[in-house]
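Visitor: I have a structure to go through. Can you take my questions one at a time?
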Amino acid sequence: MAAPLASKAGSAGTTSKPPFPELDFRSGARVEELNKLIQEFTKHDQREYDDQRALEIHTAKDFIFSMLGMVQKLDQKLPVANEYLLLSGGVREGVVDIDLDELNVYARGTDYDMDFTLLVPALKLHDRNQPVTLDMRHSALCHSWLSLRLFDEGTISKWKDCCTIVDHINGATNYFFSPTKVADWFYDSISIVLSEIQKKPQRGMPKVEKVEKNGTIISIILGVGSSRMLYDVVPVVSFKGWPAVAQSWLMENHFWDGKITEEEVISGFYLVPACSYKGKKDNEWRLSFARSEVQLKKCISSSLMQAYQACKAIIIKLLSRPKAISPYHLRSMMLWACDRLPASYLAQEDYAAHFLLGLIDDLQHCLVNKMCPNYFIPQCNMLEHLSEETVMLHARKLSSVRSDPAEHLRTAIEHVKAANRLTLELQRRGSTTSIPSPQSDGGDTNQPDDRLAKKLQQLVTENPGKSISVFINPDDVTRPHFRIDDKFF
């Protein structure tokens with residue numbers, strides 16, 4: 001991948017030549033230059049938030065949770081005390097494995113400034129201590145149908161209008177929880193609640209700039225002060241424990257062994273509303289290990305994460321048509337690389353360039369071989385459905401990146417700088433005054449929010465790129481209940 005340093009030893013009677021700079025064999029790029037470009041990309045991609053922006057983030061989050069509390073009260077379908085998973089980055093950033101071909105294109109800087117994904121359990125199965133066995137008879141690997149037979153009669157009664165019905169020969173009726181019908185119900189409910197909220201606006205309340213149903217997710221863009229925040233809200237089914245189909249994965253050695261406990265990794269999983277290539281959209285859910293990935297992320301070195309973010313920025317633009325490769329594929333490859341390579345190698349702070357080149361090589365290898373195993377269920381090949389024509393088209397595009405990685409990094413840097421300029425221009429045109437919270441009457445009650453803003457700024461600074469798990473009681477939305485990794489606030 002990179003050319004070794006030239007030998008310092010000269011022959012007898014000759015003067016030793018200085019070592020060559022370390023070069024990438026394929027492109028001839030200087031590794032030192034690639035490292036500097038990755039650092040520059042990281043600097044512009046990971047912006048620091050001042051008190052005002054931190055307060056705006058909190059105000060938007062508070063608004064979303066209040067809205068979901070009202071959705072629960074609308075028809076009592078959602079669990080009364082729910083546990084959400086809030087992830088930094090939208091669905092389009094690959095934070096969960098959901099198909100991108102049904103999603104409208106939103107651009108940072110043009111449409112939003114910050115993006116989040118919020119997993120909202122519609123159903124919870126949290127009382128199981130044994131491996132969870134799912135009904136996979138009708139679906140592809142890593143997918144499942146969900147029968148409401150697992151739940152009580154009250155739950156069936158509440159949700160049967162969001163089910164497909166299958167009558168058996170013996171006369172029994174089986175209700176299968178439908179991801180498409182659940183998404184339709186969720187979008188309708190959110191639209192009703194937002195319409196009611198907007199009839200009685202409160203001072204400092206976020207402006208709802210956009211509410212769209214993108215496939216089975218609901219995308220909401222909020223304007224708060226000078227910030228625009230995208231929330232991709234995803235209805236899911238939440239499980240404690242671990243699925244039986246992924247049980248063998250626990251028997252293998254992994255890069256996180258000894259760094260975090262197995263209990264942290266297998267604390268729960270989800271079904272997200274996405275089907276396989278040939279699956280039945282109305283019935284099939286996809287297994288998601290987003291909760292585990294939050295824990296695994298703590299064990300990945302900062303230099304590898306920087307390379308991953310830079311590589312992701314390159315491929316999102318380059319491989320967008322046709323939509324065959326998502327950033328989630330790249331995330332899976334990174335996790336496999338962590339298992340494959342020595343921890344001491346991956347911990348090298350000045351190896352970001354090596355990691356970037358390696359990720360591009362890995363992705364190209366997966367395309368050429370049409371093979372990308374799911375990290376948690378390796379027998380599931382996430383590229384199996386692609387045509388030979390599509391994989392070779394993308395492999396050739398990646399070949400151009402590999403031939404000149406420095407130029408593609410410069411392009412990614414220009415894109416993120418342009419997005420930041422758009423955001424700053426909006427801020428200059430927007431209000432420069434402090435944005436009160438929705439509960440504020442403009443008096444001295446702003447002081448607690450100022451303290452909260454400072455605390456949030458500290459959290460963002462101390463936990464760059466980390467995901468937030470949120471516990472919220474819809475009957476009490478006056479207090480924040482959120483966790484960054486294993487710390488509660």
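Visitor: In which sense do β4 and strand β10 pair, and over how many bridges?
Guide: Bear in mind that this is a predicted model. Strand β4 covers residues 114–125, and β10 covers residues 227–240. Asp115 stands opposite Leu230 in β10. The sense is parallel, and the count of bridges is eleven.

Visitor: Strand β3 also pairs with β4; in which sense?
Guide: Strand β3 spans residues 82–88 and shares four bridges with β4. Leu86 stands opposite Leu118 in β4. The sense of this pairing is antiparallel.

Visitor: How many of the twelve residues of β4 are buried?
Guide: Buried here needs under 20% relative accessible area. By that cut-off, strand β4 is mostly covered. The number of buried residues in β4 is eleven.

Visitor: Which strand is joined to β11 by three bridges?
Guide: β11 has two pairings to sort out. Four bridges join β10 to β11, and those two run antiparallel; there, Lys240 has Gly268 as its bridge partner. The three bridges, also antiparallel, lead to a strand of residues 285–288, where Arg286 stands opposite Val272. That strand is β12.

Visitor: Which residues of β11 point the other way from Gly268, Tyr270 and Val272?
Guide: Accessibility does not separate the two groups, as all are buried. That fits the strand count, five of five residues buried. Direction separates them, and the other way point Phe269 and Leu271.

Visitor: Why does the pair of Phe239 and Phe269 count as stacked?
Guide: A pair of aromatic rings is described by the distance of the centres and the angle of the planes. Stacked needs planes under 30 degrees apart, with centres within 6.5 Å. The Phe239 and Phe269 centres are 4.7 Å apart, so the distance fits, and the angle of their planes is 5°.

Visitor: How far apart in sequence are the parts that this pair ties together?
Guide: Both Phe239 and Phe269 are buried. Phe239 lies in strand β10 and Phe269 in strand β11. The pair therefore ties together parts separated in sequence by 30 residues.

Visitor: At what angle are the ring planes of Trp242 and Trp249?
Guide: Trp242 and Trp249 are both buried. They also belong to one aromatic cluster, with Trp256, Trp336 and Tyr375 among its other members. Their ring centres lie 5.8 Å apart, and the pair is stacked because the planes are at 25°.

Visitor: Which helix gives the most to the largest nonpolar core?
Guide: The core holds 115 residues, and Phe177 and Phe186 touch the most other members. The top contributor gives ten residues and spans residues 352–369. That helix is α10.

Visitor: How many residues are in the other core, which lies apart from it?
Guide: Its members include Leu87, Ile217, Ala274 and Val294. The size of this core is 17 residues.

Visitor: Is Arg108 buried or partly exposed?
Guide: Arg108 sits in the loop between β3 and β4. Buried requires under 20% relative accessible area. At 21% relative accessibility, Arg108 therefore counts as partly exposed.

Visitor: What separation do the C-alpha atoms of Arg108 and His415 have?
Guide: Along the chain the two are 307 residues apart. Helix α12 covers residues 405–429, and its buried residues include Val416, Ala419 and Asn420. Arg108 touches Val416, Ala419 and Asn420, among others. The C-alpha separation of Arg108 and His415 is 9.5 Å.

How values were computed. Residues are numbered from 1 along each chain as its sequence is written. This is a predicted model: local features need pLDDT of at least 70, side-chain atom pairs count only at pLDDT 80 or more; totals for chains, interfaces and linings use all residues. Side-chain values use heavy atoms; hydrogens and water are left out. The expected span of a helix is 1.5 Å times one less than its number of residues. Buried means under 20% relative accessible area, exposed over 50%, partly exposed in between (1.4 Å probe, protein chains only). Two strands pair if DSSP finds at least two bridges between them. A nonpolar core is a set of buried Ala, Val, Leu, Ile, Met, Phe, Trp, Tyr and Cys residues joined through side-chain atoms within 4.5 Å. Rings of Phe, Tyr and Trp (its six-membered ring) pair if their centres lie within 6.5 Å; planes under 30 degrees apart count as stacked, over 60 as edge-to-face and the rest as tilted. Contact means heavy atoms within 4.5 Å. Lists of a residue's contacts leave out its neighbours within four places in sequence.
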